[in-house]
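Q: Please take one well-covered element of this model and examine it closely. I should like to know how its residues are placed and what lies beside it.

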Amino acid sequence: MSQNPNRSRILIVDDDDTIRSLMKEFMTTLGYHCYTASGGLEALEILELHPVDVVITDIIMPGMDGLELTQQIKEKYDYEIIVMTGFAGEYSYEEVIQKGASDFVFKPVRYEELHLRLQRVLRERQMREKLERLAITDDLTKLYNARNFYIRLSAEIDRAVRYEHPLSLLLLDIDYFKDYNDTYGHLEGNTVLARLGELIRNCLRRLDSAYRYGGEEFTVILPETDGASAQHVARRLAKVISRESFSPTTQDDVKITVSIGIAQYRVGENMETFIKRADMAMYSSKEQGRNRITFLDANSN
Ligand SMILES: [Mg+2]
């Protein structure tokens with residue numbers, strides 16, 4: 001969705017040609033991008049092709065009425081809906097809201113009022129999107145957070161089992177990060193974490209997803225990937241990271257390294273065991289002197 005609320009996309013649905021064209025003119029003047037439809041089915045057809053932010057729909061229409069349309073849109077999309085209803089009390093406020101509408105206005109529509117309600121609905125939508133984004137991302141590294149990691153990994157395990165496709169997990173930990181923090185301070189440490197988040201993101205392939213798992217610990221879920229291919233990804237990551245230098249002070253030019261553990265999913269094991277094996281692989285990299293990659297294949301414990 002666009003950050004500028006006036007760039008938002010609106011679909012106006014009304015069987016009355018005059019109302020439809022007047023509303024479109026008003027909305028377009030305000031800067032909204034407008035689509036129109038003369039009924040429920042046409043509205044659904046437009047939504048198949050064009051995503052929108054808000055649907056403003058009349059309630060009494062031949063064929064599919066506004067309530068049915070609201071329900072059908074809500075089953076399929078996450079769009080806001082404002083319902084226009086007559087004074088006669090055709091439908092109650094409760095009915096309209098229960099179907100999933102965000103708000104409603106009375107007909108004949110006062111445009112200023114509609115504009116205010118539209119702005120409020122859009123503001124709430126943006127706020128909700130922001131909160132959803134914050135709930136799944138780590139602020140510092142811009143990677144997904146640990147909570148999201150468990151949700152996604154669980155879904156990927158289900159998929160791997162169902163389709164009998166390989167799935168690998170990469171666990172990465174920065175070497176001697178405590179020393180770095182103790183020497184240069186936490187702010188400089190945070191710079192390293194943020195930069196690492198960026199480097200990891202740039203190394204991901206289309207289906208991969210990366211997470212900040214703990215303080216200086218990251219995970220990457222690699223769907224459709226066996227252990228051998230996961231090692232390629234890990235080597236590329238380690239190389240990119242080793243090339244990077246940090247300047248925590250004007251005199252210092254510091255390189256960092258990472259220890260990586262890889263596990264390929266073993267059919268039948270639960271998520272905890274899978275993660276534990278990646279963790280053991282990572283610790284094995286640490287024990288062998290750090291700055292290395294360890295792969296535990298599907299049969300090792
Ligand atoms: Mg009507």
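A: The account below concerns strand 6, its neighbours and its setting in the protein. The model is predicted: local features require pLDDT of at least 70 and side-chain atom pairs count only at pLDDT 80 or more, while totals for chains, interfaces and linings use all residues. Residue numbers start from 1 along each chain as its sequence is written.

Strand 6 comprises residues 167-174 (strands are DSSP runs of E, at least two residues, numbered from the N terminus). Eight of its eight residues are buried, that is, 20 or more other C-beta atoms, placed from the backbone, lie within 10 Å of their own. Leu167, Leu169, Leu171 and Asp173 point one way, whereas Ser168, Leu170, Leu172 and Ile174 point the other way. In a regular strand, side chains alternate between the two faces of the sheet.

Strand 6 pairs with strand 8 (residues 217-223) in the antiparallel sense, over seven bridges; pairing requires that DSSP find at least two bridges between the strands. Here Leu172 stands opposite Phe218 of strand 8. Strand 11 (residues 258-264) is likewise an antiparallel partner of strand 6, again over seven bridges, and in strand 11 Ala263 is the bridge partner of Leu169.

As for the setting, the protein has 10 helices (H or I runs of at least four residues) and 12 strands. Of its 301 residues, 34% count as buried. Along the principal axes, the C-alpha trace spans about 80 × 50 × 30 Å.

Note on methods: A residue is buried if 20 or more other C-beta atoms lie within 10 Å of its own, exposed if 12 or fewer, and partly exposed in between; C-beta atoms are placed from the backbone.
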